[in-house]
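Biologist: Could you walk me through this protein and explain the words you use for it?

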Amino acid sequence: MTEQLRNVYAHKAISQIPRILGNMDRNPYSPTYGCFHRDYWLDKTSDFPDAVRQFGVHALALVYKHDFPGNIYKNKQKVKNWAIAALKFWSKIQHKDGSFDEFYPYERGWVGPTAFTMFTVVEAYNILEPEMERGDKDTMLAAIKKAAYFIAKGESEEDHLANHHAMACLALWKAYELLKEEPLKDGFEKAFQTFLTYHNADEGWSREYDGVDPGYLSATVSFFAKIYQTNKDERILKVIKESVEFSGYFVYPNGFYAGSLGSRNTLHFYCHGYEVVGNEIPMANAIAQKLLKGLSENKLVSPEIISDRYLFYRIPEFLQAYLDYTEPKDDLPQLPYERAGYTKFHQRSRIFASVKDPYYIAANLAKGGVVKIFNRNENSLLVNDCGIMGRLSDGTNVTTQWVNLDYEVENHEKGWTVKGKFNKVPSNKLFTPLKQIIFRSVLVAVGWIPAMAHFIKGQIRKALILGQREIPIAFERHFSIEGNTAQIDDYIQTEKNVTFESLSIGDEFFVRYVPQSRYFQSQELQIEGFELNTDQLKALNSNKKIKISQTIQLDKNKKNISTD
């Protein structure tokens, strides 16, 4: 049975190799030979090659080198040639300062395109190097060196993502191992110290923009575990262990992981790191086994549902998880949802977790009280309430689902309370031909200057993602559970000049711009929200306040909603 589960990693990855190759220019006479960005080299709908897609070279190198179930690519000359072509194309699109572009020309991204791809290029190079020509080796070593020293300089683009700093550590460590240059080892140490400023050792999470994101926390585990394979630094193992323990709270009874409780709404689980440390950290083994079963039941974000841009990340992760698979132990620790009755409130992250048999409750109070309730006996999702979303009469979208550590929160044995202000949802502006021309003109004019490129990226992050946008609408959310009954009471208080055009509560929805989120999961079909009708909206706009009460009979899966 365990071997069958282990094979799931390989099957999910190998099945997508044709998709990777279909995105690749495999014509040796083409000027873009080795490029994985089909929109660029074939469709002509992009005016630059996205370097992140070159991440695919790692998958090709792995299937060329190793035995996997159903692997028809091992030792195939064509696969080796395509992988080397991909390495060379990566070096061709590198900027003089060592950086690369991902979302737009002249981006000069620090980790997103540069560290991620440099790490995977080093991994692929190490596999393919014995069969490469001397000139190609020299070309790749020079490009890797330039990228490594660019990363070692540190970030300068308003990056507030712990997993990016963890990847910077991984890329620099791999470059040091390959090039044996002491400044790169010093750069790794500096990057690790910077990462620690994002890590909360007391609770075990690392900051993603402004809070906890379990999906990217698993990425942080994976990146440091890859380092730990050859660098047995106890400081690294400590970070991994703390992160693993905390991530367990987001492993759900129904086999899904993370999602709307996180600051970035991600659903993905980076499995390789948990397999690497499974023998040293039993909780990692327990989590990996539970979520591998979920993967086998199509409950995780698997490669076949991922967009082309991010497909390339998952394939090597699954292949490496197969190679470093840890057999499950007989005495694995209980996952948080499996433990006997308890209530745990993480004061810094505002994550609430509780077991009240047969129910597991998880909530993020820093996100306005996003809450999930599961039946442990039936492994089912009963409540998935992401808060309140509405549109004002002037067209502004507003929500309580915004990370804000300044919310007033209280927790008690039966539940919790959150108080704060609604936040304006960042505008979902789209490019028009004119806007695109203006944007590209700015990039062409000043993008060649690294400082300006980083300034532009920082401003884009602020506009789309960061910052508080409070508006004069107060909310309170009260949650309690007793026996088989859960109660959610929402109070909304508006000011005189504010009127709602529509307002809905509960259900699954996301408001923050995160490219690696919003993938469909089947559990969405099990839950529905509630939208105020015309009379209820009139009452809210007239009285400037409303109370919305949800009484949920968990054992009967019935909900009664009333307004006052």
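Below, the two of us go through some labels and what earns them.

Modeller: First, some ground rules: this is a predicted model, where local features need pLDDT of at least 70, side-chain atom pairs count only at pLDDT 80 or more, and totals for chains, interfaces and linings use all residues. Residues are numbered from 1 along each chain as its sequence is written, and side-chain values use heavy atoms, with hydrogens and water left out.

Biologist: Okay, why is Arg-440 called buried?

Modeller: Buried means under 20% relative accessible area, exposed means over 50%, and partly exposed is in between (1.4 Å probe, protein chains only). Arg-440 has 18% relative accessibility, so it counts as buried. You'll find Arg-440 in helix H15, residues 433-446; helices here are DSSP runs (H or I, at least four residues), strands are too (E, at least two), and both are numbered from the N terminus.

Biologist: What makes the link between Arg-440 and Asp-47 a polar contact?

Modeller: The rule asks for a pair of N or O atoms within 3.5 Å; within protein, one must be able to donate a hydrogen and the other to accept it, and residues adjacent in sequence count only if both atoms are side-chain atoms. The side chains of Arg-440 and Asp-47 make theirs at 2.7 Å. Leaving out residues up to four places away in sequence, Arg-440 touches Asp-47, Phe-48, Tyr-104 and Pro-105, where contact means heavy atoms within 4.5 Å.

Biologist: And Ile-438, in that helix H15: why is it called partly exposed?

Modeller: Ile-438 has 48% relative accessibility, so partly exposed is the label it gets. Together with Leu-434 and Val-442, Ile-438 makes a nonpolar surface patch of about 270 Å².

Biologist: How do you know that Arg-6 and Glu-3 form a salt bridge?

Modeller: A salt bridge needs a side-chain nitrogen of Lys or Arg within 4 Å of a carboxyl oxygen of Asp or Glu. For Arg-6 and Glu-3 the N to O distance is 4.0 Å, and the pair is counted as a salt bridge. Both are in helix H1 (residues 2-14), and because they are three residues apart there, about one helical turn separates them. Arg-6 is buried, since its relative accessible area is 19%, while Glu-3, at 36%, counts as partly exposed.

Biologist: What's the idea behind such pairs?

Modeller: Side chains of opposite charge can pair when their charged atoms come close. By this rule the count comes to 30 salt bridges.

Biologist: What makes Asp-308 and Arg-19 a salt bridge, and why does the pair tie together parts that are far along the sequence?

Modeller: Their closest N and O atoms are 3.0 Å apart. Asp-308 lies in helix H14 (residues 308-323) and Arg-19 in helix H2 (residues 17-22), so the pair ties together parts 289 residues apart in sequence. Arg-19 has a relative accessible area of 23%, so it is partly exposed.

Biologist: Which residues are linked in a network of salt bridges?

Modeller: Asp-50, Arg-53, Glu-102 and Arg-309.

Biologist: Last one: how do you know that E16 and E17 pair?

Modeller: Two strands pair if DSSP finds at least two bridges between them. Strand E16 (residues 545-553) and strand E17 (residues 558-563) have six bridges, in the antiparallel sense. They form a hairpin with four residues between them, and Asn-557 in the turn has a positive phi of about 55°.

Note on methods
Patch = residues over 30% accessible without salt bridge, like charges linked within 9 Å, V, L, I, M, F, W, Y side chains within 5 Å. Areas by Shrake-Rupley, 256 points an atom, 1.4 Å probe, with all protein chains shown as cover.
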